[in-house]
Amino acid sequence: MLRKFRFPIFLIFLLSCSLNCSKTGSGNTAPNPPPPPVIPPVRPGPDADYWITKSDGSVLLQKQATLKFGDPNNGYDFIDVDSTQQYQTIDGFGYTLTGGSATLINHMGANEKASLLTELFSNGTNDIGVSYLRLSIGASDLDPVVFSYDDVPAGGTDINLANFSLAHDQVDLIPVLKSILQINPSIKIIATPWSAPVWMKDNGSSVAGSLLPQYYDVYAKYFVKYIQQMLVNGIAIEAITPQNEPLNPGNNPSMVLTSAQETNFIKNNLGPAFQAAGLTTKIVAYDHNCDHPDYPLNILNDPAANTFVFGSAFHLYAGDISALSTVHNAHPDKAVFFTEQFTSSTGSFDGDLKWHLKNVVIGSIRNWSRVVMEWNLANDPSYGPHTPGGCTECKGALTINGNAVSRNVAYYNIAQASKFVPAGSVRISSTGGGTLKHVAFKTPGGKKVLLVLNEGTSAPVNIRFYNKSIITSIPMGVSTYVW
């Protein structure tokens, strides 16, 4: 006979509670504990490639040993790169293709010319990927002679622009541009005049003087003809500025154009002429030094002129690079360009590398510039050609002597960025690093690029991205990291 085994009732209650119950001091069942926090996965750091140019010139755009991201344990400063914080789009890096530059290049042997243009404008392993060019509308001071596209005998006029001709540019400039476009069909071009034709000016001279009001409308049509005829030659002009260095009357050619005059010209003549002709070429104001941000602000603050203006352009022979941010902050919907800075025949490689990287390249981009351009692409060993009264000490990025080419400091100032940061890249956040100057980008292909200037002795630093870092020792000079 089986006997029934019975637990005492209190033991059954205790067993049940130990398996199923949780008690609070008040006797109420506690809520379920919160789930553990979701920790986003740390992105594994890839390898980083980098290239350096030392300020003493002993190493020039030279690739270094690959670095690996990891978890460093040291006391070095960090440069933190954050691709989630994005700023302006980058349109390109480059130089001014002056008439003198074009002549020197076009007179090289066919093989040497092709090799040089490929190096400059292609994106191959040994090339530097220049993506933006500046042209003069008519002569700049680095052409052999002064000319406009509508020169007439003294005392004459040509209000119908019947004599308009690109004949000077057809000799060397346009053939070189066509070769460049075969290498890089998407290169962007901004163009600017050093002077209007002298018959349109109040002093009848290529030097100084101002545009006579009765010729504002004719001069606007002059720009339209230039853009249209360049396009006939297969050359699209992305943007123009109404006047190079409008407050500088001392060059040859040159022309004074006050901010009030430029405002009136843009809103009453140039903008409407572009609109009537169906042109999409952008109008960029000013194109002069950082000491007068009031000049472009006067134009942008005029409601009628503002509608025609894409942005403002700057040089840095006077003032501070922060002027670009002053203008950007007042009109954040308008672009900012940096279009010219020369290196001198009397300058040093060390001084020009440091100053230009700090101010022109890193400085202008951190102050919202979409474009960075040094001045003259090429000169001969005597710093020519140039006009009478033109710059006698402007040192090109290249020195061309027949078929021989020397690469000068301005070449490396641009190449350390242009080789790695194609048009369409976006500036992203980079912070820290102590006294090191830097700027970072995300390319259209998703790569991250960090450009770092060290003005002092060799400095070890951690470069951190998504909680992984590389340790690198940055020599005096400029380094570009890509991952």
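This is a short tour of a predicted model, with stops at a sheet, a helix residue and two pockets.

Begin by selecting residues 378-379 and 404-407, which are strands β14 and β17, the edge strands of an open sheet, each pairing on one side only. The sheet has three strands in the order β14-β16-β17, and the pairing in it is mixed. Add residues 398-401 to show strand β16, which runs antiparallel to β17 and is joined to it by four bridges. One residue to pick out here is Asn 401, whose bridge partner in β17 is Ala 404. In general, the strands of a sheet pair through backbone hydrogen bonds, either parallel or antiparallel.

Next, select residues 216-232, which form helix α6, and find Ile 227 within that helix. Is Ile 227 buried or exposed? Ile 227 counts as buried because its relative accessibility is 5%, and buried means under 20%. Beyond its neighbours within four places in sequence, Ile 227 is in contact with Ile 237, Ile 240, Phe 274, Leu 279 and Thr 281. Thr 281 is 54 residues from Ile 227 in sequence, yet their C-alpha atoms are 8.1 Å apart in space.

Now select Trp 51, Lys 419, Phe 420, Lys 447 and Val 482, which lie nearest the centre of the largest pocket, among the 18 residues that line it. This largest pocket has a volume of about 380 Å³, and strand β1 (residues 47-54) gives the largest share of its lining, three residues.

Finally, select Asp 141, Glu 245, Asn 248, Asn 251 and Glu 340, which lie nearest the centre of the second largest pocket. Its volume is about 220 Å³, and its lining divides into six nonpolar, seven polar and three charged residues.

Technical notes: Residues are numbered from 1 along each chain as its sequence is written. This is a predicted model: local features need pLDDT of at least 70, side-chain atom pairs count only at pLDDT 80 or more; totals for chains, interfaces and linings use all residues. Side-chain values use heavy atoms; hydrogens and water are left out. Two strands pair if DSSP finds at least two bridges between them. Helices (H or I, at least four residues) and strands (E, at least two) are DSSP runs, numbered from the N terminus. Buried means under 20% relative accessible area, exposed over 50%, partly exposed in between (1.4 Å probe, protein chains only). Contact means heavy atoms within 4.5 Å. On a 1 Å grid over the protein atoms alone, a cavity is a set of points where a 1.4 Å probe fits but cannot get out, and a pocket is an open set with protein on both sides within 12 Å along at least five of seven lines; lining residues have an atom within 4 Å of a point. Grid points are joined across faces, edges and corners, and a volume is the space filled by probe spheres set on the points. Ala, Val, Leu, Ile, Met, Phe, Trp, Tyr, Cys and Pro count as nonpolar, Asp, Glu, Lys and Arg as charged, and the others, Gly among them, as polar.
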